[in-house]
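Me: I would like to learn how to read the overall build of a model before turning to its details. Could you take me through it step by step?

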Protein chains: 2
Amino acid sequence: MMTEQKRQMHLGAFLQDVGHHIGAWRHPDAPRNAGMNLEHFKLLARRAEDAKFDMIFLGDQMTFQYEEDEHIGRTTRTVNFEPLTLLSALAMLTRRIGLVATASTSYNEPFNVARKFASLDHISGGRAGWNIVTSWTLGEALNFNRDEVMDHGLRYQRAQEFVDVVQGLWDSWEDDALLNDKKTGLFFDPDKLHVLDHQGRFFKVRGPLNISRAIQGQPVLVQAGSSSDGQDLAARKAEVIFTAQRSLAEAQGFYRSVKEQMQAYGRQPHQLKIMPGVFPIVGESREHAGEKFEQLQELVDPEIGWPVLARHLGGFDLSGYPIDGPVPEFPLSQGNQSRQRLLADFARREKLTIRQLYWHVTGTRGHWAIFGTASDIADQLEERFTGGGADGFNIMAPWLPGGLLEFIHQVVPELRRRGLFRTEYSGSTLREHLGLSAPPNRYTQPAAGAAL
Amino acid sequence: MMTEQKRQMHLGAFLQDVGHHIGAWRHPDAPRNAGMNLEHFKLLARRAEDAKFDMIFLGDQMTFQYEEDEHIGRTTRTVNFEPLTLLSALAMLTRRIGLVATASTSYNEPFNVARKFASLDHISGGRAGWNIVTSWTLGEALNFNRDEVMDHGLRYQRAQEFVDVVQGLWDSWEDDALLNDKKTGLFFDPDKLHVLDHQGRFFKVRGPLNISRAIQGQPVLVQAGSSSDGQDLAARKAEVIFTAQRSLAEAQGFYRSVKEQMQAYGRQPHQLKIMPGVFPIVGESREHAGEKFEQLQELVDPEIGWPVLARHLGGFDLSGYPIDGPVPEFPLSQGNQSRQRLLADFARREKLTIRQLYWHVTGTRGHWAIFGTASDIADQLEERFTGGGADGFNIMAPWLPGGLLEFIHQVVPELRRRGLFRTEYSGSTLREHLGLSAPPNRYTQPAAGAAL
């Protein structure tokens with residue numbers, strides 16, 4: 001007999017072209033044009049699957065950070081596959097791993113988003129997840145008929161309604177609606193088709209969706225914003241949160257707060273998995289890991305470092321201030337407020353100089369960085385996982401493929417020795433990997449006599 | 001030495017779930033839920049590739065023909081994969097065949113469309129094509145915040161600007177813009193990045209696109225409307241036309257007219273391939289083919305046949321008229337005017353009764369049907385191809401997979417015996433199959449001294 005299953009962590013592989021460090025493309029191992037290199041993504045997806053990760057995760061912006069600037073040619077995050085086309089291709093090259101893509105609620109229509117993720121879910125045999133973002137960059141606004149980014153609050157109001165519509169469309173067909181009865185000529189049961197007829201503030205969408213019910217019931221909803229609006233959306237809807245708390249105390253506070261907020265919406269804590277981003281560098285020793293990070297930092301031109309920092313601060317430029325002086329107060333912009341607030345709090349609490357903040361942001365994008373041996377990294381993940389700060393982690397390898405492969409070869413076995421991570425998939429859908437049950441179709445009546 | 005290559009026809013396989021006949025899902029061989037059956041599409045794509053077809057072709061509507069109706073459950077074209085996700089998956093399961101998907105200019109944004117097709121082109125190694133449609137059904141309007149379909153002329157004005165923006169975005173990066181120079185830190189050449197800055201009547205799009213230049217330079221542009229607005233768009237932009245002329249004279253007139261209209265836009269006739277739809281039934285004799293068609297017709301319920309006819313006539317319902325009387329004049333609606341006009345002309349010219357029109361539309365969707373032996377079918381295709389009526393054909397198999405496989409096994413060898421169709425691919429991209437050269441990037445300067 002098996003003993004009761006120990007709680008295990010969930011792992012995602014956040015695949016960002018050549019890695020999350022902005023100097024990574026100059027790493028000796030970096031493949032050319034990684035963002036549009038299918039062989040590169042094929043390798044990463046297969047290795048993550050071999051390691052039994054819950055999912056691969058693709059970010060997305062519908063622009064690159066284009067600014068007319070003499071140093072623009074040094075910017076690497078310029079061209080990338082469109083995430084839904086890429087994941088549909090990768091679905092054919094993998095069998096079990098979850099496939100999560102980002103799609104914006106600000107520059108798409110809910111019918112199209114509902115349809116694409118439901119289609120991916122069918123294509124992949126139940127492995128699709130949608131990372132909901134509201135898109136905060138000016139570059140995206142300018143590509144979609146706007147002169148400026150929509151107000152932060154308005155973006156989230158639109159997002160809430162957008163998600164409601166998408167979920168409504170996903171319930172258009174009950175599980176057993178299609179009959180295929182060649183003899184009688186009845187293709188589907190009309191009583192099991194439901195027309196949404198949504199009329200709201202932002203959208204008017206009749207439905208029904210022209211895709212049958214997803215293999216997972218509904219694709220998994222992932223959410224990444226940590227502002228109060230973002231937390232509210234997460235508490236109401238999200239099944240996975242990708243977040244960016246650095247300290248244990250911060251992570252515990254966030255974890256507790258969001259899981260409490262869920263109650264107001266009648267949801268149970270286990271229905272949401274909180275998976276902070278982790279930026280790991282594995283070394284033979286802590287010093288060795290630190291050296292590996294410094295080698296990456298040396299690949300970053302200061303000319304591109306300063307604008308990167310300014311973007312993380314909502315456009316506020318620190319390059320004119322004394323570099324070894326304190327980080328001044330700066331106003332929040334309409335952009336990614338939760339990230340701006342996290343950085344401001346972090347700088348104040350740790351009494352960072354501008355130079356330190358510069359290194360932190362250009363080096364780790366403001367995410368939780370762990371540099372150390374495999375055992376050090378496992379210790380920290382274990383502490384946060386068992387200490388009420390996380391249900392798992394989204395691994396943001398500094399460079400790819402090497403940074404992810406080192407994590408897989410060195411840290412994953414250590415997590416397994418501690419019983420903290422699976423050795424084999426027990427299910428075949430993303431929901432099964434995450435321990436999330438399929439949401440019932442809102443229209444399906446409980447079977448008569450089911451309570452007997 | 002090879003002699004000069006005889007002109008050969010192009011063939012597309014228009015894959016419509018279980019086939020183009022509305023009764024096809026009840027055919028004994030029809031797979032269940034064909035529209036969302038990945039194995040079914042995999043088989044079809046591979047067989048079409050084995051037969052060296054130029055492309056597979058997917059139609060699309062962002063709705064199904066939902067009408068509250070007691071017979072709604074008899075409607076089969078309800079659920080289908082989303083085309084871009086499906087083609088991205090099929091790109092991994094095939095190597096050479098072109099992949100053409102329909103996307104609407106009325107319910108998408110040009111940045112998203114430019115991006116998805118460029119991404120598919122990279123994923124597939126240069127096999128993507130975009131079939132431009134303006135979407136004429138009420139069901140689509142109701143799924144996208146509208147109460148009615150946009151006016152026909154306005155839809156095409158929007159489409160013209162939409163295509164201009166998409167092509168502008170596709171030229172964002174010159175072919176050799178990406179440098180990947182790890183040593184100097186220059187990722188791309190800023191002189192080879194171009195910002196569109198489009199500001200028009202319908203769209204304001206800055207760009208640049210965040211996808212590097214397509215393998216084909218640009219994905220192939222396909223267009224399907226035959227109204228005067230549609231022909232104008234085709235003459236200006238299209239590289240393939242999918243059309244629906246039935247008689248040779250009609251086809252010749254259309255062919256000549258569109259190729260003449262191209263001159264006004266400075267284009268050469270060979271830059272556009274006209275590929276009418278063909279609805280073939282292969283039999284051991286003509287009688288046998290006719291019997292096969294009648295067997296399909298017997299699978300159609302009259303309850304769903306009449307609404308199908310009404311939709312093809314822009315909503316005009318003939319079910320109240322004497323069934324063996326003449327087809328009355330009917331007004332054109334804002335829907336698919338070219339189809340309405342073709343049917344009206346056809347009915348008048350052929351002096352059809354309502355019963356005959358009903359059979360024609362419910363049976364063949366108003367397309368050119370050929371029922372006969374393989375040799376009969378090859379004769380008719382040859383006549384139209386050599387007689388100035390077509391550059392190739394989009395094969396609309398009445399039922400799938402059988403109808404397409406019969407065409408492949410019986411008609412394709414006959415076309416090869418006549419030297420009218422390739423025995424092997426000579427290129428690897430869709431453009432190469434079609435004999436279309438890659439469009440130069442508008443920004444690329446001819447090399448200095450190139451004229452020497």
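**Overall build and pairing**

Reply: We can begin with the radius of gyration, bearing in mind that this is a predicted model. With 452 residues, a compact globule would have a radius of gyration near 22 Å, and chain A agrees because its own value is 22 Å. Along the principal axes, the C-alpha atoms of chain A fill a box of roughly 75 × 60 × 45 Å.

Me: What percentage of the 452 residues of chain A count as buried?

Reply: Taking buried to mean under 20% relative accessible area, the share in chain A is 64%. The accessible surface of chain A comes to about 17100 Å², and carbon and sulfur atoms account for 48% of that area.

Me: Which residues have the most contacts inside the largest nonpolar core?

Reply: That core has 200 residues, and those with the most contacts inside it are F53(A), W130(A), L381(A), F53(B) and W130(B). If neighbours within four places in sequence are left aside, the residues in contact with L381(A) include M9(A), V278(A), W368(A) and F407(A).

Me: How should I read the relation between chain A and chain B, and by what turn can chain A be laid on chain B?

Reply: A turn of 180 degrees, with a shift of 0.0 Å along the axis, lays chain A on chain B with an RMSD of 0.1 Å. That is the relation of a two-fold axis. Of the residues of chain A, A89(A) comes closest to the rotation axis, its C-alpha lying at 2.2 Å. As for the interface, 100% of the interface residues of chain A are also interface residues in chain B, so the copies meet through the same surface.

Note on methods: Residues are numbered from 1 along each chain as its sequence is written. Chains are lettered from A and ligands numbered from 1 in the order in which they are written. This is a predicted model: local features need pLDDT of at least 70, side-chain atom pairs count only at pLDDT 80 or more; totals for chains, interfaces and linings use all residues. Side-chain values use heavy atoms; hydrogens and water are left out. A nonpolar core is a set of buried Ala, Val, Leu, Ile, Met, Phe, Trp, Tyr and Cys residues joined through side-chain atoms within 4.5 Å. Buried means under 20% relative accessible area, exposed over 50%, partly exposed in between (1.4 Å probe, protein chains only). Contact means heavy atoms within 4.5 Å. Copies are superposed by least squares on the C-alpha atoms of residues with pLDDT of at least 70 in both. The radius of gyration is taken over C-alpha atoms; the globule rule is 2.2 Å times the number of residues to the power 0.38. Accessible areas come from the Shrake-Rupley method with a 1.4 Å probe; for residues, only the protein chains shown count as cover.
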